[in-house]
Amino acid sequence: MDQRRRLLLSLGMLCYPFLAAAGVNQYAHGPGLVAGYLLLVAVSACYLGVVLASIRSAWRTYWSLVALMTVLAVLLAPLAHEMVFILAAMIVPSAAARAGTWTASALVVLGAAACVLVPMAAGWNTEASWYFAVAVVFTALLVHAFSRTATANQQLREAQAEVARLASEAERNRIARDLHDLLGHSLTAITVKSALARRLEPVAARAEMESVEQLARQALADVRAAVSGYQDVTLAGELARSRELLRAAGIAADLPTAVDSVPVERQELFGWVVREGVTNVVRHARAGRCTVELTASTVEVRDDGVGGPAGAGSGLDGLRARVAQAGGVLTAGPAEPRGWCLRVAV
C-alpha cells in the first residue's frame with residue numbers, strides 16, 4: 001500500500017516537467033525546441049527511476065539518477081530560462097529525502113535561493129522566481145512528511161511481525177511446559193500402577209488396570225485441553241490424584257482433605273505445584289512418606305526420601321515460570337533431617 005501511494009505521489013510530481021515545458025516552448029525554437037522536450041522526457045524518466053530505486057532501496061542507483069537529473073536541468077537552462085527552476089522542486093526534495101537533517105535543510109535553502117538569485121544574475125524574468133522558491137520548500141516538506149510516515153508504517157509492520165513471532169514462541173513454550181507437567185504426572189501414575197498390577201492377584205490386578213485405562217484417557221483429555229489452551233487443573237483434583245498415585249507407589253500420603261483455606265485465584269497454581277511435587281516424589285525420592293501442607297499463601301510438598309528431582313528434567317523450570325508469572329517465589333532443596341522439600345509462597 002505504501003509503495004502504491006509513493007507511486008501515485010510521484011506521478012503527481014511529474015506536473016513540474018510539464019510546467020517547465022512552457023518555458024521551452026517560449027524561449028526555444030527549431031532544433032532547440034526538440035532538444036528541450038527530449039531533455040524534459042529524460043528528466044521525467046530519471047525521476048521515475050529515482051522513485052523505483054527508493055522503493056527497492058537501491059541507493060547507489062538513486063543518487064546516480066539524482067545527479068543525472070541535476071545535469072539535465074543545467075543543460076535545459078539555456079532553453080527554458082527561469083522556468084527550469086521548477087525542476088528544482090523535484091530534484092532538491094529527492095536529494096534532501098535521503099540526506100541528514102542539517103544537510104537536507106541546507107539543500108532546501110540553497111535550492112530556494114538559487115530559484116531567486118540565478119534568474120536575477122542571468123537577466124531572466126524574475127517574476128516567477130519566488131513561486132519556484134516556495135514550490136521547492138513546500139515540496140521538500142511534503143516529501144519529508146511522506147517519508148516519515150512511510151518509515152513509521154514500516155516500523156509498525158516490523159513491530160507487529162515481532163509481536164506475532166513472540167506470541168507464537170510463547171504459545172509453543174506454554175504447550176511444551178503443560179505437556180511436560182500433564183504427561184509427567186499421568187505417565188508416572190500409569191507406570192506405577194502397571195508395575196503394581198503385575199504383583200497382584202488377577203482380581204486386584206484387573207482393578208488396577210482399569211485405573212490405568214482411566215488415567216490414560218484422562219491424560220489424552222489433558223493433552224487435548226493443553227493444546228487448546230483450556231486445561232482445567234484444580235487443587236482438590238490434584239490432591240485426589242496424588243493420594244491415589246502415592247497409594248499405588250506404596251508411599252504413605254499425608255495430604256489435606258480440604259482446600260478452603262486457599263483463595264480461589266491461587267488454587268490452580270497450587271494444583272500445579274502439588275502435581276509436580278508429588279510426581280517427583282514418586283519418580284526420584286524413594287520415600288516412605290509424602291506430606292503436603294497448605295495455607296492461604298503457601299503450598300509445601302515434603303518427603304522423607306533420599307533426594308530431590310534430577311536436574312532440568314524435573315520440570316521445576318516450567319513450574320518456576322508459572323510461579324514467577326503469579327508473583328510468587330519457588331524454593332526447592334534438601335529437608336531436615338532428610339528428604340526433599342518443594343515450597344511455593346505467593
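**Exercise 1. Determine which residues of α5 meet which residues of α6, and describe how the two helices pack.**

Solution. From α5, the residues Ala88, Val92, Ala95 and Ala96 meet Ala104, Leu107, Val108, Gly111 and Cys115 of α6, where contact means heavy atoms within 4.5 Å. By class, this contact has 8 nonpolar, 1 polar and no charged residues; here Ala, Val, Leu, Ile, Met, Phe, Trp, Tyr, Cys and Pro count as nonpolar, Asp, Glu, Lys and Arg as charged, and the others, Gly among them, as polar.

The model is predicted, with local features requiring pLDDT of at least 70 and side-chain atom pairs pLDDT 80 or more, whereas totals for chains, interfaces and linings use all residues. Residues are numbered from 1 along each chain as its sequence is written, and side-chain values use heavy atoms, with hydrogens and water left out.

Next, consider the geometry: the axes of α5 (residues 88–97) and α6 (residues 101–122) come within 9 Å and cross at roughly 165°, the axes being lines fitted to C-alpha atoms over the stretch in contact, with angles from 0 to 180 degrees between N-to-C directions. The two helices are therefore roughly antiparallel to each other, a term used for angles over 145 degrees.

**Exercise 2. Establish which residues of helix α2 are buried and which are exposed, and how they are placed around the axis.**

Solution. Within α2 (residues 15–27), the buried residues are Tyr16, Pro17, Ala20, Ala21, Gly23 and Val24; buried means under 20% relative accessible area, exposed over 50%, and partly exposed in between, with a 1.4 Å probe and protein chains only. Because these buried residues cover an arc of only 160° around the axis, they lie on the same side of α2, the arc being that of the directions from the helix axis to the C-beta atoms. On the other side of α2, Phe18 and Gln26 are exposed. As background, an α-helix has 3.6 residues a turn, so residues three or four places apart point the same way.

**Exercise 3. Describe the surroundings of Ala53 and of Val346.**

Solution. Begin with Ala53, which is found in helix α3 (residues 31–55) and counts as buried at 4% relative accessibility. Leaving aside neighbours within four places in sequence, Ala53 is in contact with Ala58, Thr61 and Tyr62.

Turn then to Val346, in the segment after β5 (340–345), which counts as partly exposed at 27% relative accessibility. Not counting residues up to four places away in sequence, Val346 touches Arg266, Leu269, Phe270, Ser297, Ala326 and Gly328. The C-alpha atoms of Val346 and Ala296 are separated by 8.8 Å, although the two residues are 50 residues apart along the chain.

How values were computed: Helices (H or I, at least four residues) and strands (E, at least two) are DSSP runs, numbered from the N terminus. Angles under 35 degrees count as roughly parallel, over 145 as roughly antiparallel, 65 to 115 as roughly perpendicular and the rest as oblique.
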